[in-house]
Amino acid sequence: KELANRTSLPIAVTCQPLATIPDDEQQVPLVSDHSQGPIRCRRCRGYINCHVQFVDGGRHWTCNLCGMQNGVEPDYFCTLDAHGVRRDAAERPELSRGSVDFLASQEYFNRPAMAPAIMYAIDVSATAVRGGLLHASVQAIRESVQALANHQTMMVGIITFDAQIHFYNLHSEASADIPAMSVLSDVDDPFLATPSSLVKLSDKLANILKLLDALPSLFAQTQIGESAAGAAVRAASLALAQNGGKVVCVFSSPPTLGVGKLSRLDDQNAIGSDREKKLHAVDCKFYSSLAEECCASQVSIDLFACTSLFTDVASMCAVCRSTGGEMHYIPKLGQDNGSAYFKLLSDLKRVTLRPCGYEAVLRVRCSAGLAVQDYYGAFHKTPEGDIEFPVIDADKALAVTFKVESDMSGDKSHASIQCALLFTASDGTRRIRVHTIAAPISNNISAIFKSADLDALINVT
């Protein structure tokens, strides 16, 4: 503890729980042979992992986090070899791999597993049509839904907006014309204009493609320049309230109408002055309150701001940060050599197609002598201290800092850190992904500086 205070180096880890693994590497194994759920420590509730020690001939295991000795169930028992290692360790991924998925038992379910769902909100104002935003959005969404067409449980919905919000009946028969449109003019108090805006993608792909093909011509002559993007995000989140899922909203100008209207003006004179910090603070409280509602209904928000006009991104990104979403800022769409157009296409498809976990809860545990100090990232922290993600994707990472509470240089040579993520996979199974590492303990200050991970330190400093 004294050495930690002298070095002033933060103790931290950066964790990307669902990171994509290259095809030429082993994928994270799934452990599903424990009928009562994953084996856990009786004291700290840590999960059994490759760093625990089996003692008493294999009848007990010592938790590497808290030191508690736990009994081994008869159906899990195996003898030890001459080195004190279980003879079946190589055959059990949880005892031989640092990262593993456990199939969750029924006690980990608060409700039936949610189906993966995406609700698109597309700007169809005159600015979006002239700048190419509508065309790019339609192309990216078309390619995305076609790539997901074989996913048997994926739900998809589409709304469009300008000064009003347009809902579409995608439940009609495939032989019908363009899906019927319902128009919502009350953008100050948006609600669902259709009973069900979501459809199963595998059943209604033809209707979705027919609507996407029709949108550019349907709004080609529009003269409406106003934007109700905030109201559209609210309406899309209401459509997902019963199931949960992801809202992807693309807009070409800042919200000027309805709920979520941005009133902050550009202040170039504030740059470099004491007033500049006010530009980074939340001015419109609507998005913060919407974030609370979305977290309660397991809805994530991704926003694409494709505008060169001044936009109060600090206010709008509050709903992305708390729900595990992202704010994408692409300011020169239609004004450059096409790089912004292709960036929008690439990012929009990536947001839709990357692997995701739904209704996720994360917990980090560490060895005795260490304690979790703080978390940094895009998530929702409950009053009880749980880290929640309505949707967590493969690109999402968070940083965790630790503090030394007591001397750790006794009989232990390593300190362990375990990150456990409870989530619903896209196939509907409830899983617990567990990552466990063991770092050596040292009282040599030069060795500490020599082995410090600069990337992890920069994330929290």
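Here are some questions and answers about this predicted model.

Reader: Let's start with one residue. Is Ser 125 buried or exposed?

Author: Happy to begin there. Ser 125 sits in the loop between strand E7 (117-123) and helix H3 (126-131). Buried means under 20% relative accessible area. The relative accessibility of Ser 125 is 0%, so Ser 125 counts as buried.

Reader: Which residues is Ser 125 in contact with, leaving aside neighbours within four places in sequence?

Author: Ser 125 belongs to the loop between E7 and H3. With neighbours within four places in sequence set aside, its contacts are Phe 161, Asp 162, Thr 222, Ile 224, Gly 225, Glu 226 and Ser 252.

Reader: Now to charged pairs. How many salt bridges does the structure hold?

Author: A little background helps here. Side chains of opposite charge can pair when their charged atoms come close. In this structure, the number of salt bridges is 21.

Reader: How many residues apart in sequence are the parts that Arg 431 and Asp 101 tie together?

Author: The side chains of these two residues, Arg 431 and Asp 101, form a salt bridge at 3.7 Å, N to O. Arg 431 is in strand E21 (residues 430-440) and Asp 101 is in strand E6 (residues 99-103), so the parts they tie together are apart in sequence by 330 residues.

Reader: Which strand holds Arg 433, and which holds Asp 101?

Author: Asp 101 also meets Arg 433 in a salt bridge, at 2.8 Å from N to O. Both partners, Asp 101 and Arg 433, are buried. This salt bridge between Asp 101 and Arg 433 has a distance of 2.8 Å. The two residues are 332 residues apart and link distant parts of the chain, with Asp 101 in strand E6 and Arg 433 in strand E21.

Reader: Which residues are linked with Glu 326 in a network of salt bridges?

Author: One pair to look at is Glu 326 and Arg 354, whose side chains meet at 3.4 Å, N to O. Glu 326 is in the loop between helix H8 (313-323) and strand E14 (327-329), while Arg 354 is in the loop between helix H9 (339-353) and strand E15 (356-366), so the pair ties together parts 28 residues apart in sequence. The network links Glu 326 with Arg 350, Arg 354, Asp 393, Asp 395 and Lys 396.

Reader: Where do the buried residues of H7 lie when seen down the axis?

Author: Helix H7 (residues 286-296) has Phe 286, Tyr 287, Leu 290, Ala 291, Cys 294 and Cys 295 buried. Seen down the axis of H7, the buried residues fall within an arc of 160°, so they line one face of the helix.

Reader: Which elements do the buried residues of H7 pack against?

Author: Among the buried residues of H7 are Leu 290 and Ala 291. The partners of the buried residues in H7 are helix H6 (229-239), strand E13 (299-305), H8, strand E17 (380-381) and strand E18 (387-393).

Reader: What about empty space? How much lies in the largest cavity?

Author: Rolling a probe the size of a water molecule over the atoms shows where empty space is left. The lining of the largest cavity includes Tyr 108, Phe 109 and Arg 430. By class, this lining has 4 nonpolar, 2 polar and 3 charged residues. The space in the largest cavity is about 40 Å³.

Reader: Which residues lie nearest the centre of the largest pocket?

Author: The largest pocket has a volume of about 1,200 Å³. Its lining divides into 25 nonpolar, 10 polar and 3 charged residues. Of the 38 residues that line the largest pocket, those nearest its centre are Ile 11, Ala 12, Ala 439, Pro 440 and Ile 448.

Definitions and conventions. Residues numbered from 1 in each chain as written. Predicted model: local features only at pLDDT ≥ 70, side-chain atom pairs only at ≥ 80, totals over all residues. Heavy atoms only, no water. Helix = DSSP H or I, 4+ residues; strand = E, 2+ residues; numbered from the N terminus. Buried < 20%, exposed > 50% of the residue type's maximum accessible area, 1.4 Å probe, protein only. Contact = heavy atoms within 4.5 Å. Salt bridge = Lys/Arg side-chain N within 4 Å of Asp/Glu carboxyl O. 1 Å grid on protein atoms, 1.4 Å probe; cavity = no way out; pocket = protein on both sides within 12 Å on 5 of 7 lines; lining within 4 Å. Points joined across faces, edges and corners; volume = space filled by probe spheres on them. Nonpolar A, V, L, I, M, F, W, Y, C, P; charged D, E, K, R; others polar. Arc of directions from axis to C-beta.
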